[in-house]
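Work through the exercises below with the sequence and the coordinates at hand. Each task is followed by a solution in steps.

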Amino acid sequence: MNQSDNIAAPASAIGGAVTVIRLSGPQVLDIANRVWHGKTPLSAANVRRMLLGKAAGDPTLAVYMKAPCSYTGDDVVELQCHGGAASAGAVMKELLGAGCRLAEPGEFTFRAFLNGKLDLLQAEAVADLIASSSETALHMAQKQLSGSLSKRINGLYERIIELRSECESRLDFPDEELDFDDLVPEKIADVRNIIRELISTAKAGSVIRDGVQLVLAGKPNSGKSSLLNRILGFDRAIVSAIPGTTRDTVESSAVIRGIGVNITDTAGLRESSDPVEKMGIERSFRSIRAGMVTFWLLDASAADLQAEVDAIDRLAPGIITVWNKCDIAGNADLPDTGLPTIKISALSGMNIEELFDAFEKQVFAGESTVIPETAVNARTADLLDRSLAHLDRAENSFNDGDYEIAAAELADASNFVGEISGLTVSPDILDKIFHRFCIGK
Ligand SMILES: Nc1nc2c(ncn2[C@@H]2O[C@H](COP(=O)(O)OP(=O)(O)OP(=O)(O)O)[C@@H](O)[C@H]2O)c(=O)[nH]1
Ligand SMILES: [Mg+2]
């Protein structure tokens with residue numbers, strides 16, 4: 001990505017009532033004034049003031065933000081024109097004709113990074129913020145955008161650099177009676193502990209950011225669609241007493257305990273000669289294999305309870321067995337499934353909160369279910385993991401009196417930690433990170 005030219009792109013989804021077109025670069029003020037015409041041109045005299053004029057023949061609001069006080073740190077102009085592909089397209093066409101080029105995905109945020117407006121962790125938080133599907137995810141992204149994680153990571157980086165210079169001073173002045181720090185091994189161990197603690201938040205981070213695939217599976221009539229409707233709080237799927245009601249998979253989104261969940265209700269599993277039902281059952285198996293958690297529904301009012309248990313596909317991921325219809329099961333002696341089990345009634349809502357407790361436990365796989373304020377993503381966890389290996393070796397070398405190796409290991413460790421917020425980073429990694437963004441951000 002070239003930083004010296006002028007870029008433009010719609011920054012809001014086309015099709016809404018208004019489209020925001022964002023321009024960034026050294027000549028965007030001139031370019032915008034050639035395309036947009038108001039009573040007075042955009043200039044330093046009306047910086048950050050919204051002015052009404054026209055662009056491509058239609059009423060358009062325009063605002064100029066002068067470098068470095070803008071999102072990207074460059075000169076920025078934003079135009080607000082009528083929504084709809086044709087209207088925004090006409091303005092974009094004029095801007096491209098006047099000297100802008102279409103921005104690449106994430107290019108505005110990339111410029112913000114190059115101009116020191118954001119570090120890499122904050123840039124990733126911008127992408128997370130847009131993708132947030134729950135309040136928890138939004139809160140986590142906002143926290144990271146405010147720089148709280150960057151502060152912790154940069155603090156670690158500084159500490160590793162200090163330890164490295166301590167090792168180097170022993171190399172440079174081996175015979176002198178300098179006031180050396182005796183606590184280097186303890187300090188390395190301390191840094192390692194903080195890093196381990198951060199890595200332990202990765203699981204929660206991925207659950208919160210990416211959400212969870214939950215599959216409702218079981219025999220026909222066990223109450224899968226009833227449970228889906230109960231979780232959603234409205235009638236999404238058809239429920240009937242006829243086995244085989246759901247023929248295709250039904251997908252819905254929900255938030256359970258602050259976690260974004262994509263729920264798939266599936267066609268009941270049984271031997272069938274009906275070709276359409278067979279296709280539905282094949283889809284059920286595909287969904288089950290792709291899930292992270294499976295609620296396997298069992299009918300507690302069935303005549304043969306052991307047959308319910310025998311039907312469980314134990315290869316399904318993250319199974320919680322759910323005895324449903326407990327409202328009419330009386331005191332039936334329910335056989336043990338050997339798996340985490342909850343007794344509910346999808347019809348009355350009995351024990352749904354207990355089912356959510358079990359879901360939360362399953363999602364965090366036995367780790368603490370307390371959602372951390374900040375949590376690292378897979379990229380950060382991987383870099384922290386790599387730095388750990390070097391810190392281990394640095395400590396051993398230091399204890400052996402091999403300060404040169406210790407200093408080199410600490411340098412490697414600091415490079416990996418520095419890559420997290422972008423203090424040390426290679427261009428191909430930057431490309432990868434910013435291409436996760438949409439155009440216009
Ligand atoms: N008493 C009682 N009836 C229930 C409960 N849950 C579901 N049912 C009834 O069981 C029947 C089947 O429910 P569905 O939700 O359609 O079952 P399903 O598992 O989606 O069935 P298929 O789509 O055929 O695979 C309906 O008549 C529901 O009203 C429950 O907790 N208690
Ligand atoms: Mg159904």
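The exercises go from the whole chain to a sheet, a helix, a loop residue and a ligand shell, all in a predicted model.

**Exercise 1.** Decide whether the chain is as compact as the globule rule would give for 441 residues or more spread out.

*Solution.* Start with the content: the chain holds 15 helices and 13 strands. Next, compare the radius of gyration, 29 Å, with the 22 Å that the globule rule gives for 441 residues; the value is well over the rule, so the chain is more spread out than a compact globule. Then take the extents: the C-alpha trace spans about 80 × 80 × 35 Å along its principal axes. Finally, look at packing. Buried residues are 40% of the 441. Of the contacts with a separation of 6 or more, 64% are between residues 24 or more positions apart.

**Exercise 2.** Give the strand order of the seven-stranded open sheet and identify its edge strands.

*Solution.* The order is β3-β4-β5-β6-β2-β1-β7, with mixed pairing. The edges are β3 (36–38) and β7 (101–102), each of which pairs on one side only. For one pair inside this order, take β5 (residues 58–65) and β6 (residues 76–82): they run antiparallel and are joined by five bridges. Within that pair, A62 stands opposite L79 of β6.

**Exercise 3.** Compare the span of α14 with the expected value, then state what follows the helix.

*Solution.* α14 has 19 residues, for which 1.5 Å a residue leads to an expected 27 Å. From first C-alpha to last, α14 reaches 28 Å, close to that expectation. After α14 comes G422, with a positive phi near 100°.

**Exercise 4.** Locate L423 and classify it as buried, partly exposed or exposed.

*Solution.* L423 sits in the loop between α14 (403–421) and α15 (427–434). Count the neighbours: 17 other C-beta atoms lie within 10 Å of L423. A buried residue needs 20 or more and an exposed one has 12 or fewer, so L423 is partly exposed. Now list contacts, leaving aside neighbours within four places in sequence: Y157 and G418 remain. Y157 is 266 residues from L423 in sequence, yet their C-alpha atoms are 9.2 Å apart.

**Exercise 5.** Describe the shell around ligand 1: how many residues surround it, and which helix gives the most?

*Solution.* The shell has 23 residues, and the closest are G223, S225, S226, T246 and G268. Helix α9 (residues 224–232) gives the most, with three residues. By class, the shell divides into eight nonpolar, 12 polar and three charged residues.

Definitions and conventions:
Residues numbered from 1 in each chain as written. Chains lettered and ligands numbered in written order. Predicted model: local features only at pLDDT ≥ 70, side-chain atom pairs only at ≥ 80, totals over all residues. Helix = DSSP H or I, 4+ residues; strand = E, 2+ residues; numbered from the N terminus. Contact = placed C-beta atoms within 7 Å. Near = placed C-beta within 6 Å. Nonpolar A, V, L, I, M, F, W, Y, C, P; charged D, E, K, R; others polar. Expected span 1.5 Å × (residues − 1). Pairing = 2+ DSSP bridges. Rg over C-alpha atoms; globule rule 2.2 N^0.38 Å.
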